[in-house]
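Q: Please take me through one part of this model at close range. Begin with a single residue and work outward from there.

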Amino acid sequence: MEQNEDQLTAHSSLALIESMINKAQNRFSENGTLYLVWGWVVAICSLSHYIMLTFTDIGPKSGMVWILTWGAVVFQIYYSFKHKKQETVKTYTDEIINYVWVTFGISMALVSFIMAKLGTWTMLYAFILLFYGIPTFLSGVIMRFKPLKIGGITCWILSAISVYVQSREIILLLIPAVVIAWIIPGYSFRARIKKA
Amino acid sequence: MFKELDPILHSQLRLAVMSLLISVKEAEFTFIREKTNATAGNLSVQVQKLKDAGYIEVVKQFKDNYPQTTCKVTPEGIKAFEDYVKALQEYLKV
């Protein structure tokens, strides 16, 4: 940047404003790490849960495999803390996206509790898929990132399909959901960062 | 009759800093320096001028034992920036 007292014309002032706003807005802080962690954890838990239910005599206790998600929660807390320390700028986009995911976390906890008390376990999967779609689609819209938008829509389609899969195979619907909604976008974020 | 352009904003580096800060919630001095390609000395002087005008808020603190300066645009700064852009638009008849 040149010295501060340079003569600016109206045109160059507007051009400067535009270029600086673009520099701030084009900043892409998402590197896909949390999408990948959660995507893989949910995919592994779903597959293990299904395999244990189908091919072993562990029975309902096989649901304990989901305890692995607590590991992901611990990692997320550690990662977010570390990431926050390294941040040199806070954008409104990042803040809104964070709140979208906080809303999702709270809603998921509540819906799991409500369904456990009042609903059926197959209904729980329909709601999980429905809720996966909301923050994923919204993050895609806010970041203008197509893979996430596609992922969100896929979760909603799978949520509707789950109504017709009233057997243990319903667990397997989580796998295409997280692969399309989180794992593929996660690797796309990685590729984008690498390219930049 | 054209509005007079705000002299605080009608300067290349100060306008660049304000344009950056208007787009984000808050930014560290290092981020602003990187995006504006300004020298630390020049940027410090211009940031101080914007602060004195009440257009930005500057918070100095320590992060991991290193000094950290964070800048954030104030409501007065947003108003001044909007007026400046409106005045520019009048000049250009946008």
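A: Start at A:Ile17, which sits in helix H1 of chain A. The model is a predicted one. Is A:Ile17 buried or exposed? Its relative accessibility is 6%. Buried means under 20%, so A:Ile17 counts as buried.

What does A:Ile17 touch, apart from residues up to four places away in sequence? The list is B:Leu15, B:Ser19, B:Phe81, B:Tyr84, B:Val85 and B:Leu88.

Now widen the view to the helix. H1(A) covers residues 10-25 of chain A, 16 residues in total. At 1.5 Å a residue, the expected span is 22 Å. The C-alpha atoms at its ends lie 23 Å apart, which agrees.

Which residues of H1(A) are buried? They are A:Ala10, A:Ser13, A:Leu16, A:Ile17, A:Met20 and A:Ala24. Around the axis they cover an arc of only 125 degrees, so they are on the same side of H1(A). A general rule helps here. An α-helix has 3.6 residues a turn, so residues three or four places apart point the same way. The other side of H1(A) has exposed residues: A:His11, A:Glu18 and A:Gln25.

What do the buried residues of H1(A) pack against? Three helices of chain B: H1 (12-23), H2 (29-36) and H4 (75-92).

Step across to chain B. Its secondary structure consists of four helices and three strands. Read from the N terminus, the order is α-β-α-α-β-β-α. The C-alpha trace of chain B spans about 55 × 25 × 20 Å along its principal axes. Of its 94 residues, 47% are buried. Take the contacts in chain B between residues at least 6 apart in sequence: 55% of them join residues at least 24 apart.

Next, look at how the helices of chain B meet. Two packed helices are described by the angle between their axes and the distance between the axes.

Take H1(B) and H4(B) as one pair. Their axes come within 11 Å and cross at roughly 115 degrees. The two helices are therefore roughly perpendicular to each other. Their crossing is left-handed. Which residues meet there? From H1(B) come B:Leu15, B:Met18, B:Ser19 and B:Ile22. From H4(B) come B:Gly77, B:Ile78, B:Phe81 and B:Tyr84. Some of these names have already appeared: B:Leu15, B:Ser19, B:Phe81 and B:Tyr84 are among the residues that A:Ile17 touches.

Take H1(B) and H2(B) as another pair. They pack at an angle of about 120 degrees, and their axes are 10 Å apart. H1(B) and H2(B) are therefore oblique to each other. The cut-off explains the word: 65 to 115 degrees counts as roughly perpendicular, and an angle of about 120 degrees falls outside that range. The crossing of H1(B) past H2(B) is right-handed. On the H1(B) side, the residues are B:Leu13, B:Ala16, B:Val17, B:Leu20 and B:Leu21. They meet B:Phe31, B:Ile32, B:Lys35 and B:Thr36 in H2(B).

Stay with H2(B). Its buried residues are B:Phe29, B:Phe31, B:Ile32, B:Lys35 and B:Thr36. Seen down the axis, they fall within an arc of 160 degrees, so they line one face of the helix. What covers them? Both chains take part: the cover includes H1 and strand S1 (89-90) of chain A, along with H1, strand S1 (26-28), H3 and strand S3 (66-73) of chain B.

Look now at strand S1 of chain B, where B:Glu28 is found. B:Glu28 has 12% relative accessibility, so it counts as buried. Leaving aside neighbours within four places in sequence, B:Glu28 is in contact with A:Glu87 and A:Thr88 as well as B:Lys63, B:Gln68, B:Thr69 and B:Thr70.

After H2(B) comes B:Asn37. B:Asn37 lies in the loop between H2 and helix H3 (40-52) of chain B. Most residues other than glycine have a negative phi. B:Asn37 is not a glycine, yet its phi is positive, about 60 degrees. With a relative accessible area of 55%, B:Asn37 is exposed.

Chain A offers another case. A:Arg144 is not a glycine either, and its phi is positive, about 55 degrees. A:Arg144 is in the loop between helix H5 (121-143) and helix H6 (146-162) of chain A. Its relative accessibility is 71%, so A:Arg144 counts as exposed.

Conventions
Residues are numbered from 1 along each chain as its sequence is written. Chains are lettered from A and ligands numbered from 1 in the order in which they are written. This is a predicted model: local features need pLDDT of at least 70, side-chain atom pairs count only at pLDDT 80 or more; totals for chains, interfaces and linings use all residues. Side-chain values use heavy atoms; hydrogens and water are left out. The expected span of a helix is 1.5 Å times one less than its number of residues. Buried means under 20% relative accessible area, exposed over 50%, partly exposed in between (1.4 Å probe, protein chains only). The arc is that of the directions from the helix axis to the C-beta atoms. Contact means heavy atoms within 4.5 Å. Axes are lines fitted to C-alpha atoms, for helices over the stretch in contact, and angles run from 0 to 180 degrees between N-to-C directions. Angles under 35 degrees count as roughly parallel, over 145 as roughly antiparallel, 65 to 115 as roughly perpendicular and the rest as oblique. A crossing is left-handed if the near helix is turned anticlockwise from the far one by less than a right angle, and right-handed if clockwise.
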